[in-house]
Amino acid sequence: MTTHVLGDTSVMIGRSMRHVTRSMDTIITVTIMPIAFLLLFRYVFGGAIQAGTDNYVNYLMPGILLIAIASGISYTGFRLFTDMRSGIFERFHSMPIARSSALWGHVLTSLVSNAISVAVIVLAGLVIGFRSSAGVLAWLAVAGILALFTLALTWVAVIAGLAASTVDGATAFSYPIIFLPFVSSAFVPTDTMPGPVRAFAEHQPVTAIVDTIRALLARQPVSDDIWTALGWCTAVLLVAYLAATAVYRRKI
């Protein structure tokens, strides 16, 4: 039974990945736009921003990666909405395949495609000066946090894709998530912000995630932020997963 589910899911991943590679707007938004942000902050705003570091690209990188992931998961909601509206899910369910495989195909495609975009952005960062003294374990920890963050947001995207009545509704949820890094420690230290903004920035999940990744990449001691980051990601993942699977059962 497990082999059957894994085989069906791998087929669905292949199908979704082909859709991703054939969609030029997806590639531009998910990969090129975050790189454009990286270049903008590095070469236009970087000289005016005092981040307390000699290498501003190193400071920028965690926030840019989160923006890239938030952009990428919006397409998961879009593709899922399109499949639901086209009736392809009904065709899948009439075939001898695991019912969960169609949904997991979208989720794991999001994980794979976002991992690729993160790798491309890191390579672009290396070209313009990003450097890290982190060891293998630290990089694995960063990869794990980014994967958990991606899965958490992907299941939120699944809810939107299943429940939305319009294509705009299936993707609009991602805009606040993309905006959150701009009101966090992703681009400037929070102590430079006015009181109310600083209070929000210091207690929202992106700041904890960014600070944890930044410390790991800089080979610095990781504070309690890592538990805050893992707690936020895990809580969102569990709640979104349960809500998404409940909506999926009603839909099928």
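Asp211 and Arg214 join their side chains in a salt bridge, with an N to O distance of 3.3 Å. The model is predicted. The count of salt bridges comes to two. This briefing covers both pairs, then a helix contact, then one buried threonine.

**Salt bridge in α10**

- Both partners, Asp211 and Arg214, belong to helix α10. They sit three residues apart, about one turn of the helix.
- Asp211 has 25% relative accessibility, so it counts as partly exposed.
- Arg214 has 15% relative accessibility and therefore counts as buried, the cut-off being under 20%.
- Side chains of opposite charge can pair when their charged atoms come close.

**Salt bridge in α9**

- Arg198 and Glu202 meet through their side chains in a salt bridge of 2.8 Å, N to O.
- Helix α9, residues 195-203, holds both Arg198 and Glu202. The spacing is four residues, about one turn of the helix.
- Arg198 is partly exposed, because its relative accessible area is 33%.
- Glu202 is also partly exposed, at 35% relative accessibility.

**Packing of α3 on α10**

- Helix α3 spans residues 56-86, and helix α10 spans residues 205-217.
- The two helices pack at an angle of about 130 degrees. Their axes lie 9 Å apart.
- α3 and α10 are therefore oblique to each other, since the angle is over 115 degrees but not over 145.
- The crossing of α3 and α10 is right-handed.
- On the α3 side, the contact is made by Tyr59, Pro62, Gly63 and Leu66. On the α10 side, Val206, Ile209, Val210, Ile213 and Arg214 take part.
- The contact residues of α3 and α10 comprise seven nonpolar, one polar and one charged.
- Arg214 thus has two roles in this briefing: it is part of the contact with α3, and its side chain forms the salt bridge with Asp211.

**Thr154 in α6**

- Thr154 lies in helix α6, which covers residues 136-163.
- Thr154 is buried, because its relative accessibility is 0%.
- Leaving aside residues up to four places away in sequence, Thr154 touches Ile73, Thr76, Val107 and Ser110.

Terms used:
Residues numbered from 1 in each chain as written. Predicted model: local features only at pLDDT ≥ 70, side-chain atom pairs only at ≥ 80, totals over all residues. Heavy atoms only, no water. Axes fitted to C-alpha atoms, helices over the stretch in contact; angles between N-to-C directions. Parallel < 35°, antiparallel > 145°, perpendicular 65-115°, else oblique. Left-handed = near helix turned anticlockwise from the far one by under 90°. Contact = heavy atoms within 4.5 Å. Nonpolar A, V, L, I, M, F, W, Y, C, P; charged D, E, K, R; others polar. Buried < 20%, exposed > 50% of the residue type's maximum accessible area, 1.4 Å probe, protein only. Salt bridge = Lys/Arg side-chain N within 4 Å of Asp/Glu carboxyl O.
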